[in-house]
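Okay, thanks everyone, let's get going. I'd like to walk you through some aromatic rings and one helix packing. Have a look at this first.

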Amino acid sequence: MSVMKRFIIGVIGSVPLLINMFMSFGGSMLGGEKYGVWILFAFGSLVYWFAGLPFLHTAIVSFKNHHANMDTLVGLGTTIAYIYSIYAMFTRPAGTYFEAVAVVITLILLGSVFEEKMKSSASSAVDKLMDLQAKEAEVLRDGEFVKLPIDQVVEGDVVRVKPGEKVAVDGEIVEGQSTLDESMVTGESMPVEKGPGDAVIGATLNNTGSFTFKVTKVGSETMLSNIAEMVRQAQNSRAPIQKTVDTISNIFVPVVLMIAILTYVVWYAFLGATPVTALIFAVSVMIIACPCALGIATPTALMVGTGRSAKLGILIKNGEVLEATHTIKTVVMDKTGTVTVGKPQVTDIVSTGKFEEAEILSIASGLEGASEHPLALAVLNEAKAKSVVPLQAENFEAISGKGVQAVIDGKQAFIGNDKLADDFNMTTDLKNKMTKLQAQAKTVVLVGYDGQIIALIGIQDAPKPTSKAAIKAMQKAGFRTVMLTGDNKLVATAIAEEIGIDEVIADVMPGDKAQHIKELEEKAPVAFVGDGINDAPALSTATVGIAMGSGSDIAIESGDIVLVKNDLMDVVTALVMARKTYSRILLNLFWAFIYNVVGIPIAAGIFYALGFILSPELAGLAMALSSITVVISSLLLNYVRLPKENKLASN
């Protein structure tokens with residue numbers, strides 16, 4: 001039987017008993033003296049057997065497994081009160097506690113209903129996310145566009161999207177331009193302009209123009225499906241602190257049972273109370289000490305925190321990540337595609353005088369033709385823009401950590417980074433020109449032919465528009481910022497100074513990034529932010545790996561947090577949200593413990609001399625309120641102010 005059905009039964013049975021309680025103050029009773037106790041028995045039994053018995057059943061199973069939990073206290077407390085009430089029915093009818101049994105069970109179920117509602121809300125949020133996707137798509141088949149159900153769309157299909165329609169699945173635009181509303185997936189409020197070569201995300205809304213795109217991912221592989229799955233996994237995960245809480249609960253419950261027994265013995269044997277009064281004190285101790293709030297303190301905050309993060313385009317993979325993130329002191333970032341736009345452009349071609357610019361580009365583009373490195377793409381795009389035809393290159397060979405070489409027109413040609421300068425006798429003038437380009441935050445590529453350097457190509461990858469504000473926000477939040485890059489130190493330093501990064505580690509070979517992370521980890525826990533295949537080892541090595549959603553699949557798999565948008569501002573938002581979620585877990589645990597610590601001595605009768613007694617009903621109410629307090633505390637995470645929102649507000 002569901003918690004809600006049990007709660008409804010509890011309400012049906014408790015209301016008449018509460019009415020009877022208030023009538024008793026006036027000297028009357030439901031059913032009168034002859035039948036009143038049987039009416040109490042009937043409604044009390046209804047609640048106990050149909051709404052409360054599962055507590056006792058769970059308690060028995062726990063005992064068999066040598067464990068004790070909150071159901072142990074509720075089950076034992078209400079069962080003792082119920083059995084005593086049946087005994088009192090035949091000996092002293094005025095001394096039954098059927099009202100207490102029914103009301104306690106109902107109030108405890110009220111706290112459970114709140115918890116179930118929140119869990120259901122979190123799950124429905126994921127379902128609603130999946131409902132965002134289009135139900136059909138206009139697909140090119142046999143030379144014509146036809147509408148097909150989305151489950152018939154396959155990878156490689158060409159799909160047309162008209163203004164006002166949703167993008168069916170993930171893909172890449174092949175023709176046309178438009179602005180798309182991606183807020184439902186990325187959390188970005190402003191429409192994004194898209195054109196040929198740009199990626200589109202399933203479930204996003206096309207605003208203005210028509211375009212066609214080639215399908216790259218369908219079904220469970222789409223970004224929307226991945227987001228939903230990550231949210232589900234995160235909400236069902238457990239933070240390490242929950243293991244500590246479980247251990248405490250396993251100790252706490254037996255201790256409470258001993259306190260309850262001790263309470264009975266002290267009141268009955270030493271303070272002269274009647275067996276009934278002593279029993280009520282003992283039952284109240286068991287009821288108020290029920291650690292319901294303790295059990296939901298962590299999962300409720302975890303569900304709300306990860307759910308809200310997902311709405312902002314920040315996917316936190318599990319509870320362990322949340323707990324690890326609150327220790328982070330240093331944020332280390334890759335440069336290309338993370339701090340910078342990731343789309344470098346050729347800005348300068350400096351010839352040594354022996355070759356014309358077109359000849360240099362034809363050699364350089366021929367060498368870069370097989371590469372997917374952003375700098376190689378910059379060279380290829382420049383050649384294409386200037387209608388330069390790449391020369392045919394053969395016998396490619398990597399120059400470790402420096403570049404590539406190949407044979408063009410029977411002669412050895414090479415292209416690579418400034419480390420190649422060590423292998424050749426560069427003139428002082430050429431070295432000065434290279435240094436000048438690097439000081440302007442431009443990466444220098446050396447082009448060689450027939451055993452000598454023939455040109456320098458200056459390539460610049462500008463910082464993202466949000467990078468400077470993101471770095472400032474990180475520093476304001478107490479994080480130290482570091483750039484870790486394979487680029488030249490002059491270039492890296494120039495970019496770092498432009499956006500305000502604290503430290504630069506440059507000239508790092510791809511395989512050495514993880515080692516640098518280990519060295520930084522020795523000083524303080526590190527979060528590493530990257531997007532490339534070569535970033536995967538560093539993402540796995542860092543205390544927390546943060547992968548840009550636009551990066552490689554292996555980087556996303558290696559990351560503990562995935563940012564759907566390629567925005568550095570989301571890094572600080574993710575870290576702050578994780579911090580606040582973990583802090584809320586600690587706050588919830590504090591409230592849960594306070595209720596128990598303060599409530600137990602009161603329930604045990606410490607203020608009896610002052611005329612204040614905590615009856616089982618009030619103990620049940622206090623316990624239910626503790627659960628409700630924790631749920632409300634967790635829900636308030638939805639209203640915590642984040643750096644990203646502060647930035648939007650200031651704009």
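So, one bit of vocabulary: I'll say a charge sits over a ring if NZ of Lys or CZ of Arg is within 6 Å of the ring centre and within 35 degrees of the ring normal. Keep in mind, too, that this is a predicted model. With that in hand, look at R6: its charged end sits over the ring of F55, 4.9 Å from the ring's centre.

Now on to rings with rings. How many aromatic pairs does the structure hold? There are 15 of them. Let me pick out F41 and F98, whose centres are 5.8 Å apart with the planes at 70 degrees. Over 60 degrees counts as edge-to-face, so that's what we call this pair. And where do the two partners come from? F41 is in helix α2, residues 32–64, while F98 is in helix α4, residues 98–131. They're 57 residues apart, so to speak a link between distant parts of the chain.

Are these two buried or exposed? F98 has a relative accessible area of 0%, so it's buried. F41 comes in at 24%, which makes it partly exposed; the cut-off for buried is under 20%. Both of them also belong to a cluster joined by ring pairs, along with W38, Y48, W49, Y82 and F90.

Another pair, further along: F211 and F213. Here the centres are 6.3 Å apart and the planes make 45 degrees, and the pair is tilted. F211 is buried at 2% relative accessibility, and F213 is buried as well, at 0%.

Okay, helices. Helix α8, residues 275–288, and helix α20, residues 569–603, have axes that come within 8 Å and cross at roughly 170 degrees. Anything over 145 counts as roughly antiparallel, so that's how α8 and α20 run relative to each other. Which residues make the contact? From α8 it's F281, S284, V285 and I288, and from α20 it's N596, G599, I600 and A603. Sort those by class and you get 5 nonpolar, 3 polar and no charged residues.

Last stop, L18, over in helix α1, residues 3–25. With a relative accessible area of 32%, L18 is partly exposed. Its C-alpha is 9.4 Å from that of A100, and those two are 82 residues apart along the chain.

That's my tour, thanks.

Methods: Residues are numbered from 1 along each chain as its sequence is written. This is a predicted model: local features need pLDDT of at least 70, side-chain atom pairs count only at pLDDT 80 or more; totals for chains, interfaces and linings use all residues. Side-chain values use heavy atoms; hydrogens and water are left out. Rings of Phe, Tyr and Trp (its six-membered ring) pair if their centres lie within 6.5 Å; planes under 30 degrees apart count as stacked, over 60 as edge-to-face and the rest as tilted. Helices (H or I, at least four residues) and strands (E, at least two) are DSSP runs, numbered from the N terminus. Buried means under 20% relative accessible area, exposed over 50%, partly exposed in between (1.4 Å probe, protein chains only). Axes are lines fitted to C-alpha atoms, for helices over the stretch in contact, and angles run from 0 to 180 degrees between N-to-C directions. Angles under 35 degrees count as roughly parallel, over 145 as roughly antiparallel, 65 to 115 as roughly perpendicular and the rest as oblique. Contact means heavy atoms within 4.5 Å. Ala, Val, Leu, Ile, Met, Phe, Trp, Tyr, Cys and Pro count as nonpolar, Asp, Glu, Lys and Arg as charged, and the others, Gly among them, as polar.
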